Amino acid sequence: MASRLRDHRLWAAARRWPLALADRLRTQQGGGSRLLAAVHTDIVGYSRLFALDDTGTVARLRDLRRTLFAPTIRRHRGQLVQTAGDSMLITFDSVAQAVRCAVAIQDGLHARNQFWPTDLQIHLRIGIDLGDVFADGTDFHGDGVIVAARLQAICPPGGVCVSRAVHDRGADRLGLMLEALGSLWLWNVERPVEAFVLWPAAHANQADRRARAT
(Lines give C-alpha, C1' and ligand atoms only; values in the text may rest on other atoms or scores of the structure.)
Protein backbone atom coordinates (compact mmCIF):
# COMPACT_ATOMS: atom_id res chain seq x y z
CA MET A 1 0.00 0.00 0.00
CA ALA A 2 2.89 2.36 0.82
CA SER A 3 4.33 1.88 -2.66
CA ARG A 4 0.95 2.60 -4.23
CA LEU A 5 0.59 5.84 -2.30
CA ARG A 6 4.14 6.80 -3.23
CA ASP A 7 3.41 6.17 -6.93
CA HIS A 8 0.23 8.23 -6.64
CA ARG A 9 2.08 11.16 -5.07
CA LEU A 10 4.79 11.01 -7.71
CA TRP A 11 2.19 10.98 -10.48
CA ALA A 12 0.35 13.95 -8.96
CA ALA A 13 3.60 15.88 -8.57
CA ALA A 14 4.49 15.23 -12.20
CA ARG A 15 1.18 16.76 -13.27
CA ARG A 16 1.83 20.11 -11.58
CA TRP A 17 2.18 22.90 -14.11
CA PRO A 18 5.76 24.06 -14.72
CA LEU A 19 6.99 27.19 -12.95
CA ALA A 20 8.18 28.61 -16.27
CA LEU A 21 4.58 28.76 -17.47
CA ALA A 22 3.51 30.65 -14.35
CA ASP A 23 6.38 33.11 -14.80
CA ARG A 24 5.36 33.71 -18.42
CA LEU A 25 1.73 34.33 -17.49
CA ARG A 26 2.72 36.74 -14.71
CA THR A 27 4.92 38.62 -17.18
CA GLN A 28 2.05 38.85 -19.65
CA GLN A 29 -0.24 40.13 -16.92
CA GLY A 30 2.26 42.72 -15.75
CA GLY A 31 1.63 41.67 -12.17
CA GLY A 32 -2.10 42.46 -12.46
CA SER A 33 -5.23 40.66 -13.60
CA ARG A 34 -6.43 39.80 -17.08
CA LEU A 35 -9.90 39.08 -18.42
CA LEU A 36 -9.73 35.42 -19.40
CA ALA A 37 -11.98 32.44 -19.93
CA ALA A 38 -11.19 30.05 -17.08
CA VAL A 39 -11.90 26.33 -17.53
CA HIS A 40 -11.92 24.11 -14.45
CA THR A 41 -12.12 20.32 -14.80
CA ASP A 42 -12.40 17.60 -12.21
CA ILE A 43 -12.60 13.80 -12.34
CA VAL A 44 -15.82 12.29 -11.01
CA GLY A 45 -15.19 9.80 -8.19
CA TYR A 46 -11.41 9.89 -8.44
CA SER A 47 -10.90 8.41 -4.96
CA ARG A 48 -13.14 5.46 -5.88
CA LEU A 49 -11.24 4.89 -9.12
CA PHE A 50 -7.91 4.99 -7.31
CA ALA A 51 -9.15 2.55 -4.67
CA LEU A 52 -10.39 0.12 -7.34
CA ASP A 53 -7.31 0.23 -9.56
CA ASP A 54 -4.60 2.64 -8.49
CA THR A 55 -1.94 1.63 -11.03
CA GLY A 56 -4.39 1.41 -13.93
CA THR A 57 -6.05 4.72 -13.06
CA VAL A 58 -2.72 6.54 -12.94
CA ALA A 59 -1.69 4.96 -16.25
CA ARG A 60 -4.96 5.90 -17.97
CA LEU A 61 -4.77 9.49 -16.71
CA ARG A 62 -1.15 9.80 -17.82
CA ASP A 63 -2.14 8.57 -21.27
CA LEU A 64 -5.15 10.90 -21.41
CA ARG A 65 -3.00 13.88 -20.55
CA ARG A 66 -0.51 13.00 -23.29
CA THR A 67 -2.91 11.98 -26.06
CA LEU A 68 -6.10 13.97 -25.37
CA PHE A 69 -5.85 16.79 -22.84
CA ALA A 70 -2.54 18.41 -23.84
CA PRO A 71 -3.08 18.23 -27.64
CA THR A 72 -6.66 19.51 -27.36
CA ILE A 73 -5.65 22.42 -25.13
CA ARG A 74 -2.80 23.29 -27.47
CA ARG A 75 -5.00 23.07 -30.58
CA HIS A 76 -7.47 25.54 -29.05
CA ARG A 77 -4.71 27.92 -27.88
CA GLY A 78 -5.27 27.42 -24.18
CA GLN A 79 -2.76 27.33 -21.33
CA LEU A 80 -2.78 24.62 -18.67
CA VAL A 81 -1.83 26.75 -15.69
CA GLN A 82 -2.55 24.51 -12.73
CA THR A 83 -3.17 20.86 -11.89
CA ALA A 84 -3.98 19.12 -8.62
CA GLY A 85 -3.90 15.41 -9.36
CA ASP A 86 -7.48 14.97 -10.54
CA SER A 87 -8.24 18.53 -11.68
CA MET A 88 -7.00 21.09 -14.21
CA LEU A 89 -7.25 24.87 -14.54
CA ILE A 90 -6.91 26.08 -18.13
CA THR A 91 -7.09 29.68 -19.36
CA PHE A 92 -8.02 31.06 -22.77
CA ASP A 93 -8.04 34.49 -24.36
CA SER A 94 -11.06 33.38 -26.42
CA VAL A 95 -14.35 32.26 -24.88
CA ALA A 96 -15.26 30.36 -28.04
CA GLN A 97 -11.98 28.44 -27.97
CA ALA A 98 -12.47 27.63 -24.29
CA VAL A 99 -15.89 26.11 -24.93
CA ARG A 100 -14.77 24.23 -28.03
CA CYS A 101 -11.82 22.81 -26.12
CA ALA A 102 -14.03 21.64 -23.25
CA VAL A 103 -16.48 20.00 -25.65
CA ALA A 104 -13.66 18.30 -27.58
CA ILE A 105 -12.23 16.92 -24.33
CA GLN A 106 -15.61 15.52 -23.27
CA ASP A 107 -16.20 13.94 -26.69
CA GLY A 108 -12.70 12.48 -26.81
CA LEU A 109 -13.01 11.08 -23.29
CA HIS A 110 -16.37 9.52 -24.14
CA ALA A 111 -14.81 7.72 -27.11
CA ARG A 112 -11.98 6.32 -24.95
CA ASN A 113 -14.37 5.18 -22.23
CA GLN A 114 -15.98 2.75 -24.66
CA PHE A 115 -12.85 0.59 -24.41
CA TRP A 116 -12.73 0.52 -20.58
CA PRO A 117 -14.88 -1.44 -18.09
CA THR A 118 -17.85 0.57 -16.89
CA ASP A 119 -16.66 0.78 -13.29
CA LEU A 120 -13.23 2.04 -14.39
CA GLN A 121 -14.36 4.66 -16.87
CA ILE A 122 -13.16 8.22 -16.30
CA HIS A 123 -15.72 11.03 -16.42
CA LEU A 124 -15.20 14.77 -16.10
CA ARG A 125 -17.15 17.73 -14.83
CA ILE A 126 -16.19 21.01 -16.51
CA GLY A 127 -17.03 24.60 -15.52
CA ILE A 128 -16.26 27.75 -17.53
CA ASP A 129 -16.48 31.43 -16.61
CA LEU A 130 -15.22 34.70 -18.06
CA GLY A 131 -13.63 36.95 -15.46
CA ASP A 132 -10.51 38.46 -13.95
CA VAL A 133 -7.65 36.01 -13.37
CA PHE A 134 -4.33 36.86 -11.75
CA ALA A 135 -1.30 34.89 -10.59
CA ASP A 136 0.16 35.00 -7.09
CA GLY A 137 3.26 32.87 -6.94
CA THR A 138 2.13 29.39 -7.92
CA ASP A 139 -1.56 30.10 -7.31
CA PHE A 140 -4.21 31.60 -9.55
CA HIS A 141 -7.04 33.74 -8.19
CA GLY A 142 -9.91 35.90 -9.33
CA ASP A 143 -13.63 35.78 -9.99
CA GLY A 144 -13.17 33.79 -13.18
CA VAL A 145 -11.29 31.01 -11.39
CA ILE A 146 -13.69 30.85 -8.44
CA VAL A 147 -16.88 30.78 -10.52
CA ALA A 148 -15.44 28.23 -12.96
CA ALA A 149 -14.57 25.93 -10.04
CA ARG A 150 -18.03 26.30 -8.49
CA LEU A 151 -19.76 25.63 -11.82
CA GLN A 152 -17.62 22.53 -12.25
CA ALA A 153 -18.77 21.26 -8.85
CA ILE A 154 -22.46 21.39 -9.84
CA CYS A 155 -21.98 20.20 -13.42
CA PRO A 156 -23.41 16.79 -14.35
CA PRO A 157 -20.73 14.30 -15.43
CA GLY A 158 -20.06 14.60 -19.16
CA GLY A 159 -21.46 18.13 -19.41
CA VAL A 160 -19.91 21.59 -19.67
CA CYS A 161 -21.40 24.12 -17.23
CA VAL A 162 -21.01 27.74 -18.31
CA SER A 163 -21.95 31.12 -16.86
CA ARG A 164 -24.22 33.65 -18.55
CA ALA A 165 -21.13 35.63 -19.61
CA VAL A 166 -19.78 32.59 -21.49
CA HIS A 167 -23.21 31.69 -22.88
CA ASP A 168 -23.73 35.16 -24.33
CA ARG A 169 -20.32 35.24 -26.00
CA GLY A 170 -20.97 32.37 -28.35
CA ALA A 171 -21.53 29.22 -26.31
CA ASP A 172 -25.19 29.30 -27.32
CA ARG A 173 -24.31 29.24 -31.03
CA LEU A 174 -22.37 25.98 -31.20
CA GLY A 175 -25.39 23.82 -32.03
CA LEU A 176 -25.22 21.89 -28.75
CA MET A 177 -28.09 20.79 -26.55
CA LEU A 178 -28.49 23.46 -23.88
CA GLU A 179 -29.99 23.10 -20.40
CA ALA A 180 -30.74 26.25 -18.40
CA LEU A 181 -30.09 25.95 -14.66
CA GLY A 182 -31.32 29.42 -13.72
CA SER A 183 -29.67 31.82 -11.26
CA LEU A 184 -27.65 29.93 -8.66
CA TRP A 185 -26.06 30.94 -5.38
CA LEU A 186 -22.64 29.32 -5.51
CA TRP A 187 -20.43 28.74 -2.48
CA ASN A 188 -18.13 31.68 -1.73
CA VAL A 189 -19.56 33.77 -4.59
CA GLU A 190 -21.24 36.98 -3.49
CA ARG A 191 -23.72 37.26 -6.37
CA PRO A 192 -26.06 34.78 -8.05
CA VAL A 193 -24.67 33.28 -11.25
CA GLU A 194 -26.94 32.33 -14.13
CA ALA A 195 -25.72 28.98 -15.42
CA PHE A 196 -26.27 26.64 -18.34
CA VAL A 197 -25.16 23.09 -19.14
CA LEU A 198 -23.92 22.43 -22.66
CA TRP A 199 -24.18 18.81 -23.69
CA PRO A 200 -21.62 17.56 -26.22
CA ALA A 201 -23.03 15.31 -28.94
CA ALA A 202 -21.66 12.20 -27.23
CA HIS A 203 -23.79 12.93 -24.16
CA ALA A 204 -27.03 13.98 -25.87
CA ASN A 205 -28.87 10.86 -24.67
CA GLN A 206 -27.94 11.66 -21.08
CA ALA A 207 -29.33 15.17 -21.52
CA ASP A 208 -32.56 13.74 -22.94
CA ARG A 209 -32.95 11.49 -19.91
CA ARG A 210 -32.44 14.45 -17.57
CA ALA A 211 -35.03 16.50 -19.46
CA ARG A 212 -37.63 13.74 -19.27
CA ALA A 213 -37.02 13.31 -15.54
CA THR A 214 -37.77 16.98 -14.76
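Here are a few notes on the cysteines, strand β8 and His-76.

1. Bear in mind that this is a predicted model, where local features need pLDDT of at least 70, side-chain atom pairs count only at pLDDT 80 or more, and totals for chains, interfaces and linings use all residues. Residues are numbered from 1 along each chain as its sequence is written, and side-chain values use heavy atoms, with hydrogens and water left out.

2. No disulfides turn up here: the structure holds zero (a disulfide being a pair of cysteine sulfur atoms within 2.5 Å). Cys-155 is in none, and the nearest cysteine sulfur, on Cys-161, sits 5.1 Å away. Cys-155 is buried at 2% relative accessibility (buried means under 20% relative accessible area, exposed over 50%, partly exposed in between, with a 1.4 Å probe and protein chains only).

3. Cys-161 has Val-197 of β8 as its bridge partner. Strands here are DSSP E runs of at least two residues, and helices are H or I runs of at least four, numbered from the N terminus. Six of the seven residues of β8 (193-199) are buried, so this strand is largely enclosed by the rest of the structure.

4. β8 pairs antiparallel with β6 (160-163) over four bridges and with β7 (177-184) over seven; pairing takes at least two DSSP bridges between two strands. In the β7 case, take a look at Leu-184, whose partner in β8 is Val-193.

5. Now for His-76, in the loop between α4 (54-75) and β2 (79-83). His-76 is buried at 10% relative accessibility. Leaving aside neighbours within four places in sequence, its contacts (heavy atoms within 4.5 Å) are Phe-92, Gln-97, Arg-100, Cys-101 and Ala-104. Of these, Cys-101 is itself buried, at 1% relative accessible area.
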